Amino acid sequence: MTAFKSDFLHTLNERGFIHQCSDPEGLDQLFCKETVTAYTGYDCTAASLHVGNLVSIMMLHWLQQTGHRPITLMGGGTTMVGDPSGRDETRQLLTPAKIQDNKESIRDIFAKLLTFGEGATDAVQVDNADWLLKLNYIEFLRDVGSKFSVNQMLARDSVRLRLEREQALSFIELNYMILQAYDYTVLNKEYGCRLQMGGSDQWGNIVSGIDLCRRMNQTETFALTVPLITKSDGSKMGKSVDGAVWLRGDMYSPYDYWQFWRNAGDADVGRFLRLYTTMPMDEVKRLEALEGNELNEAKKILATEATALIHGRAAAEEAAETARKTFEAGQASAANLPTIDIAQSDLDAGLGVLSAFVTAGLAKSNGEARRSIKGGAFKLNDAPVADETALITKADLNPDGVIKLSMGKKKHVLLKLS
């Protein structure tokens, strides 16, 4: 393990964030002698960021905690182009109105982990639409495009891998690298930004930005990436069986978020405690050394601490208590389980059991629900569902006035009259 002198790089290294760095020694010296401004960019492709984005936000968190200034760059402009990095096909282009809606929706997520304000180390949020949408194309080609080598662009992984697989790469996507590099020069010039951080798939784009800062601003800047985070089973971080693990509570409930972390594989517990919580390293090392049934307690701590960062301590403890009641105390239902409203008329007429499980998000289609019933995976009010033609009626309401649907032992949803 590299011995860094600066608090920031030492913290990142100890917790497993560092994958690539353009000049480790030079960056370490910079952090030791001055307050450093660094940024990470986020395109507005959805109404929420997800767990896959969280690792870079955590890097900004530790940047601020060690006395430096983070910038969160909103990609209001670059989202109109689409980043080809790590993708096999062109992103769907979004309308300006949809991009604006997504941008507004994800802004508040950063405030959960960063402090914004006017102070020397307070976080700053900017939008690259402010400068990219004002560019004159011919002037941009002359002043910026002329400083890029097409040979080097084609050699970057984000482009090379697509071409090697003979998958289409649009001209607009090829421009993304130039736009991201230009962002770095603007932030360097306007905010004194010296470091861009991101996922390992962004390495080529960030290095291009370093080169452009040198050419346009005559400034030395740096790149730092985090490794691609995957689970021990090889699956992509930020995905669950139901899709993306969103950071907005109205898109992925605090209870489901808690369960996502509680279900971490044994081999992932220590790594996730380091990356996705702010727990002291002494405690992390103690927890990751646990074995057998004791490791389950470490998973619960991981779930509670990770949930508290995004949804608050009260919501995290509420989710933990709901899980305890549901799984350990054996109670039929808990008020804080995910809830779906249904109309009185649905129960009067009888709600098909297949439709109910699809509506609850426990199956993606009637066919999938039918297969789950045949496999014995579904329960209604804790009783196995055997008849795929069964109807759910008012008679199924339990004393709490809800109907509990379950898939296996860990997925539960309540149906409640609206």
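**Two open sheets and the helices across one of them**

Let me begin with helix H11, residues 203-217, which lies across strand S1, strand S5 (193-199) and strand S6, and which runs at about 170° to S6. Please keep in mind throughout that what we are looking at is a predicted model.

The strands I have just named belong to an open sheet of six strands, whose order is S1-S6-S5-S2-S3-S4 and whose pairing is mixed. At the edges of this sheet stand S1, residues 20-21, and S4, residues 124-127, and because each has a single partner strand, one side of each is left without a neighbour in the sheet. For S1 the pairing is with S6, residues 222-226, in the antiparallel sense and over two bridges; one detail that you can look up in the structure is that Gln20 has Thr225 in S6 as its bridge partner.

Turning to another helix on this sheet, H4, which spans residues 96-110, lies across S2 (37-43), S3 (69-75) and S4, and its direction is at about 165° to that of S3.

Now to the other sheet, which is also open and is formed by five strands in the order S9-S15-S14-S11-S12, again with mixed pairing. Here the edge strands are S9, residues 339-342, and S12, residues 383-384, each of which pairs on one side only. Within this sheet, S14 (residues 402-407) and S15 (residues 411-417) run antiparallel and are joined by six bridges.

Which residue in S15 is the bridge partner of Val402? The partner is Lys416, if you would like to find that pair in the model.

Note on methods
Residues numbered from 1 in each chain as written. Predicted model: local features only at pLDDT ≥ 70, side-chain atom pairs only at ≥ 80, totals over all residues. Heavy atoms only, no water. Pairing = 2+ DSSP bridges. Helix = DSSP H or I, 4+ residues; strand = E, 2+ residues; numbered from the N terminus. Contact = heavy atoms within 4.5 Å. Axes fitted to C-alpha atoms, helices over the stretch in contact; angles between N-to-C directions.
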